[in-house]
Amino acid sequence: MTLWRRIIDLYVDGFRSMTVGRSLWAIIIIKLIIMFGVLKLFFFPDILGTNYDSDEERAGAVRTALSDSDR
Amino acid sequence: MPDLISVVDWSRWQFALTAMYHWLFVPLTLGLSVIVAIMETIYYKRRNPVWLSATKFWMLLFGINFALGVATGLILEFEFGTNWSNYSWFVGDIFGAPLAIEGIFAFFMESTFIAVMFFGWKKVSAGFHLASTWLTALGATISAWWILVANAWMQYPVGMEFDPVQMRNVMQSFADVALSPVAVHKFTHAVMSGWTLAGVFVVGVSCWFLLRRRHQELALKSVKVAGWVGLAGILLTLYSGDQSSLDVARVQPMKLAAMEGLYDGSRGQAISAFGIINPDKTPDNDEEPFLLDISVPKMLSLLATHNPDAFVPGINDLMKGVADVTASGDTVTTLSYAERIEAGRRSHEALRAFDAAYAAGDEGAMAEARKAIEADYGSFGFGYLDKPSDAVPPVAVTYYSFHIMVIIGGWLLLFFVAALFLAYRKRRVMERSRIVQWLGMITIPLVWVCSQAGWVVAEVGRQPWVIQNLMPTRAAISDLSASSVIITFWLFAAIFTALLAAELSIMLRAISRGPEHESSHVSPSTAEAK
C-alpha cells in the first residue's frame, strides 16, 4: 500500500468510526458557516481593503486619521 | 466625539468578549495535551491497560475542547480588519508575521498530528502515535508563542522603526520582537498557567469519579500525573509572574501602580495584600485611595525591583514625572505626562507636515518632518490624550483582577501539594473524603476565574494604550457607526453562549459516560504486530 493510500485510509476510516466526533464536526461546520458565510460576509468587511485600491491610498488614509490629535 | 467613544467602548467590549471566550479553551488545550502525552508515555513504557484507558479518556476531552475552541480566535482577526483598521495598518508586519507563522503551525502541525492521535490507534506504530501526541502538544505550545509575541509587542514595542511613508512600524529586528523579555515571560506565564488549569481540570474530574466510586484506579493515576503537571505549572507560573512584575515595573509602571491602587509611591513601598478601593477616588481628586487596606511593608519594592528599599512610583508620581528617589532622598524626574502630551502633539504636527510634503513631493521637507516625528515618537500616543489622567487605567478593575488572580494562585499551589500528598501518602483519604473530593471539583471554576483575571490585569491594566505609549484605543478604531458594533456584539454573545452550552453539554456527557473499559481498547501495538 502506498503512503498516500495509507494516509487517505487513516482519514476515511477515522471519520467513519467517529462517535462523539460526529457532533463535534457538526458544531465545527456550523461555526465556520456562521463565521465565514454570515459574520465575515455581512458584518466584518476589511475596512481599508474594501475602501481603498492601493497600499499608498490606505497609508494616506491612516496618516490623515492618525495625525489628528483631536481624534 | 460621544459616538466615537461609544464605538471604542463597544469595540473593546466585543474584543474582550471574543478574547475571553477564546481563552476558555486555549489553556485547557495547552495543558491537557501535555498531560495526555505523559499518560501515553507511561502506557508506552509499562503497557498497563489502565494507562491506555486514561490516555484515551483525557484525549477525548482534549478533542472536545479543541474542536469547540478551534477557529474562535479567527473572529479576533475579523475584528482587527473591521473595528481596529488603523491599528492593524499601523502595526504592519510586526503583528502580521507572528500571526501568519502561528496560522501555519496551527494548521499544519496541530491538525496533522491531531488526526494521527485520534484516528491512528490501529493504523500506526505505538512509537509514531506517541510522537504524534507529543508533537500535538508541542504544536499547540509553539502556536501560543507567536500569539503571545504579538501581544507582548503591544505591551513593549521594540525592534521596529516607524515609517511615515508606509504609515507603519517596520520590523528592524525579528529577534528583538520574538525574544524580548516581556514576550519570553508572558509566554512562560501563559503556557504554564495552561498546565495549571489543565491540572486542576483533571484532578477535579478525577475527584468526581472518586466521589461516585467509579474508575477509582484510573482517577488516582490521573491525579498523580495532573498533580505533578499542575505543580510544575503553578511554580513556573509564580516564577514567570515574578519576572513579569520586574518587566511591568520597568516598561509599564502605570499598570503596576494601578494593580496596587498606588497613587503616591515611596521607597520601601508596602504591597496591598487585600483592600477595598474607594470608588470615589480618581487621579484628579484628593480622596483616600482605599476604604480598607491590609498591607505588607516593603513587599512591593521587593517584588517590583528585587530591592526592598527601592522607590516604586505611584500614579501621581508618574503623571508628575517623578520616577525615582536617590539614596540621599533627592527626586529624579522624567518627563511629566503633560510634557509627553505636548511631545505627542508635536509629533502629530510633524506627521501633518510630512503628509503635506509627501503630497507636494518635497523631499527636503519630508526628511525634516521625519526627523521631527522620530524625536518625539516615544510619546506619539500621548498626543491623543486631553489631560494626564487620561493615561491612568481603570484602577479598581485592575486592582481587583490582580488580587483575585494572586489569591486563587496561592490556593492552587496548596491544592496541588495537597493533591499529590493525598494521592501518594493518604490514598484512602483521597478515595473516601467527600470534602477533599468536593474541594477538587470546586477548584475547577476557580482556576478559570484565575486565568481570565490574569488577562484582565494584562489588558485593562495597560489602558488607554493599545500599543504602549504609541497608540491609544481611541486612535486605533475604524470609522464605524456604534450601531453596527452593538449588533455584532449581541450576535457574538448569542452565538458564543450557544456554543459554550454545546461544549459543556458534550463535555459533561463524555465525563458522565467515563472511560471505556480497558479491555475494549485496541492498543497501538497491534498495528506494530501487523
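**Exercise 1. Locate Pro464(B) and describe the peptide bond that leads into it**.

Solution. Pro464(B) sits in the loop that joins helix H16 (434–460) to strand E9 (465–467) of chain B, where helices (H or I, at least four residues) and strands (E, at least two) are DSSP runs numbered from the N terminus. Next, the peptide bond from Gln463(B) to Pro464(B) is cis, with omega near 10°.

This is a predicted model, in which local features need pLDDT of at least 70 and side-chain atom pairs count only at pLDDT 80 or more, while totals for chains, interfaces and linings use all residues. Residues are numbered from 1 along each chain as its sequence is written, chains are lettered from A and ligands numbered from 1 in the order in which they are written, and side-chain values use heavy atoms, leaving out hydrogens and water.

**Exercise 2. Place Arg47(B) and state its phi**.

Solution. Arg47(B) belongs to the loop between helix H1 (2–46) and helix H2 (49–69) of chain B. Its phi is near 60°, a positive value in a residue other than glycine.

**Exercise 3. Describe how domain 2 and domain 3 of chain B are related**.

Solution. An automatic or database domain assignment supplies the bounds, and it divides chain B into domain 1 (2–250 + 420–525), domain 2 (256–333) and domain 3 (337–389). Taken over C-alpha atoms, the centres of domain 2 and domain 3 of chain B are separated by 32 Å. Finally, four residues of domain 2 of chain B are in contact (heavy atoms within 4.5 Å) with five residues of domain 3 of chain B.
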